[in-house]
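This briefing is for a reader who has not met the structure before. It goes through selected features by topic.

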Amino acid sequence: MNQSPNQQINQSPIKGLGAIVMAAGLGKRMRSKLAKVLHPVAGRPMVLYAVELAERLTGEGVAVVVGYQGEQVQAVIESHRAAMTRRTGYDKGQAPPIMFVQQEQQLGTGHAVMQARAAFARAHGGPADAYVILNGDTPLLTDATVQDLLRLHEDEHATVTMLTAILKDPTGYGRVVRHKEDERVLRIVEDRDATPAELRLREINAGTYVVNGSFLFEALDKLEPQNVQKEYYLTDIVGLAVERGLKVAAMVARDAEECLGINSRQQLAVAEQVVRRQIRTRWMQAGVTLHDPDTTWIDAEVDIGRDTVLYPHVTLEGRTTVGEDCVIRSHTRITDSVLGHRVMVQDCCVIREARLEENTTVGPFAHLRPGSVVRRAAKVGNFVEMKKADLGEESKANHLSYLGDARIGKGVNIGSGTITCNYDGFRKHETVIEDEVFVGSDAQLIAPVTVGRGAVVAAGSTLTQDVPPDALAIGRAPQVNRPGWAARRRALQAAGTSPDNGRMANPVAPRPKPLAARGAKAKKRRKK
Ligand code: UD1
Ligand code: CA
């Protein structure tokens, strides 16, 4: 595994700090069938950004409030955690527990957080000392900012500490209402409930809070859905704390961009751009060359080795790992695949769930489908498609082939145009080609079939039987030469007679016998 600059999980979890991620809403403004928090940003569902951030900070567990498509949200988080454990040895014992909390009806953010109370009571016999509460739709937020917020919360001995940002266009966000003179935070007013004067306020609530455990759930019990949306607003706890003379602290984010909450597809596109830019910067800092960063697409969970070079318009998706000193040329898309060191992928390849060992060469225009393995120093050339095919060390399939359900040994030459006929219309069958076999061009291997070690398959053969080791297999019609045939045809053409009047159409067929010999005249006579 490469030295990954991807953020490590759980570096310094804070004891007594619980985390709550709100992820139950549909996200109406997305106009989608998919729950908003499942929409991917740089290839990973948005909710994972908040959940991972929470995991890194908390020592007391993360409650994820799910509702709309809750089962899917839960499955995405669980499978992500399992993958992290497999990939990085992320220790299950040390990782904070994730508790999934159901919010059956989405009655607002305050109502969402309320649902987490029982989970913490079950896990710890009562509330945590403090909670960090995160919106599930704010993927740009960084650890550093939340850590600053936690520090401020402690330094100020605050009951509630909130993250704010100053935006040019605050439309849609809750506004921070401060005291006219001493600028204390007084309350948060939602966009839809705000007066025209409040709408002009440019300081917004980022939806990231630190709240004391003893205050949080007690305050939530007091919430009333007295607003335009008839919802229980979490944001109302700010005003409640102020009314009781409790300290409310606010930190203005240095980088307002981090506070982007995704409510619409436009905001999703903005987040996508920002995250992708961050990813590219991170890999360049880690020693990867990007010839044209703006057109290079690298998903969040991709790993790339040092001195690898990515040409313009390369896309690396999913959980792809690329080794060191690789070169990936333009218009290639690699998804969920593993590339060793010094792999060369030429232009316009599509590679998915494949493994390319070190020193392999692929493309241009190769299609490697799931289960393809290209072993050390093997070559896959242009217009070759592989599926569940294992091409052995130093073997070559350089041109125009389909290799499906095939096990191919070491040092094999797969001639141009070779096809493994793996499908009989009902089932798939396997082709086995042992070490050092030479398959001539344009061979069809009708599976199941095995070509023994060191055998030669003649060009143009159609194999229907196994070939013993070291044998020559020829499976094609024998050649016939007809001396003078072409010249005779030219002569007929010159005389204005069609050469294809039945007599010359098939140069290999036996010459037609004279009509008389076939008794045609006799037949005619009989009819008369
Ligand atoms: C919220 C804040 C707003 C802030 C903005 C920052 C409230 C009332 N308003 O508004 O002040 O400026 O975030 O982005 O909190 N959710 C649930 N259950 C629900 C409702 C929402 O789990 O019943 C989840 C959503 O899935 C989402 C998050 O809470 O992840 C925020 O909800 P959303 O509807 O986007 O709130 P905003 O209107 O953006
Ligand atoms: Ca939002």
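The points below cover a metal site, covered elements, strand pairing, salt bridges and a surface patch.

The model is predicted. A calcium ion (ligand 2) is coordinated by Asp137 and Asn263. A search of the whole structure finds 31 salt bridges, and a nonpolar patch on the surface is formed by Phe438, Val456, Leu472 and Ile474.

**Calcium site**

- The calcium ion (ligand 2) is held by Asp137 through OD and by Asn263 through OD1, at 2.2 to 2.4 Å.
- These two residues come from distant parts of the chain, 126 residues apart. Asp137 sits in the loop between strand S6 (130–135) and helix H5 (143–155), and Asn263 sits in the loop between strand S11 (248–252) and helix H9 (265–285).
- Asp137 and Asn263 are both buried.

**Strand S1 and its partners**

- Strand S1 covers residues 17–23, and seven of its seven residues are buried.
- Cover is found on both faces of S1: Leu17, Ala19, Val21 and Ala23 are buried on one side, and Gly18, Ile20 and Met22 on the other.
- S1 pairs with S6 in the parallel sense over six bridges; in this pairing, Gly18 stands opposite Tyr131.
- S1 also pairs in the parallel sense with strand S4 (residues 62–66), over five bridges. Here Ala19 stands opposite Val62.

**Helix H1**

- Helix H1 runs over residues 46–57, and twelve of its twelve residues are buried.
- The buried residues of H1 include the nonpolar names Met46, Val47, Leu48 and Leu57. Charged side chains are on the list too, among them Glu52, Glu55 and Arg56.
- Glu52 and Arg56 also belong to a network of salt bridges that links them with Arg44, Asp143, Glu301 and Arg319.

**Strand S27 and its partners**

- Strand S24 (residues 361–362) is joined to S27 by two bridges, and the two run parallel. Thr361 of this pairing stands opposite Lys379 in S27.
- Strand S25 (residues 367–368) is likewise joined to S27 by two bridges in a parallel arrangement. His367 stands opposite Glu385 in S27.
- S26 and S27 pair in the parallel sense over two bridges, and Val373 has Asp390 in S27 as its bridge partner.
- S27 and S28 pair in the parallel sense over ten bridges. Val380 has Ala397 in S28 as its bridge partner.

**Salt bridges around S27**

- Arg375 forms a salt bridge with Asp390, with the closest N and O atoms 2.6 Å apart. Arg375 lies in the loop between strand S26 (373–374) and strand S27 (379–391), while Asp390 lies in S27, 15 residues apart.
- Asp390 counts as buried because its relative accessible area is 17%, under the 20% limit for buried residues. Arg375, at 26% relative accessibility, counts as partly exposed.
- Glu393 and Arg376 meet in a salt bridge at 2.9 Å, N to O. Glu393 is in the loop between S27 and strand S28 (396–408), and Arg376 is in the loop between S26 and S27, 17 residues apart.
- Both ends of this bridge are partly exposed: Glu393 has a relative accessible area of 26%, and Arg376 is at 28% relative accessibility.

**A salt bridge between two helices**

- The side chains of Arg117 and Asp221 meet in a salt bridge, 3.2 Å from N to O. Arg117 belongs to helix H4 (residues 117–124) and Asp221 to helix H7 (residues 213–221), 104 residues apart.
- Arg117 is partly exposed at 35% relative accessibility, and Asp221 is partly exposed with a relative accessible area of 47%.

**Surface patch**

- Phe438, Val456, Leu472 and Ile474 together have about 370 Å² of accessible area in their nonpolar patch.
- Phe438 is placed in strand S32 (residues 438–439). Its relative accessibility is 41%, so Phe438 counts as partly exposed.

**A buried loop residue**

- Thr418 lies in the loop between strand S29 (413–414) and strand S30 (419–421). Thr418 is buried, with a relative accessible area of 0%.
- Leaving aside neighbours within four places in sequence, Thr418 is in contact with Leu400, Ser401, Tyr402, Val439, Gly440, Asp442, Ala443 and Leu445.

Terms used:
Residues are numbered from 1 along each chain as its sequence is written. Chains are lettered from A and ligands numbered from 1 in the order in which they are written. This is a predicted model: local features need pLDDT of at least 70, side-chain atom pairs count only at pLDDT 80 or more; totals for chains, interfaces and linings use all residues. Side-chain values use heavy atoms; hydrogens and water are left out. Donors are N, O and S atoms within 2.8 Å of the metal (3.2 Å for Na, K and Ca); water is not among the atoms, so sites may look incomplete. Helices (H or I, at least four residues) and strands (E, at least two) are DSSP runs, numbered from the N terminus. Buried means under 20% relative accessible area, exposed over 50%, partly exposed in between (1.4 Å probe, protein chains only). Patches are made of residues with over 30% relative accessible area and no salt bridge: like charges are joined within 9 Å, nonpolar side chains (Val, Leu, Ile, Met, Phe, Trp, Tyr) within 5 Å. Accessible areas come from the Shrake-Rupley method with a 1.4 Å probe; for residues, only the protein chains shown count as cover. A salt bridge is a side-chain nitrogen of Lys or Arg within 4 Å of a carboxyl oxygen of Asp or Glu. Two strands pair if DSSP finds at least two bridges between them. Contact means heavy atoms within 4.5 Å.
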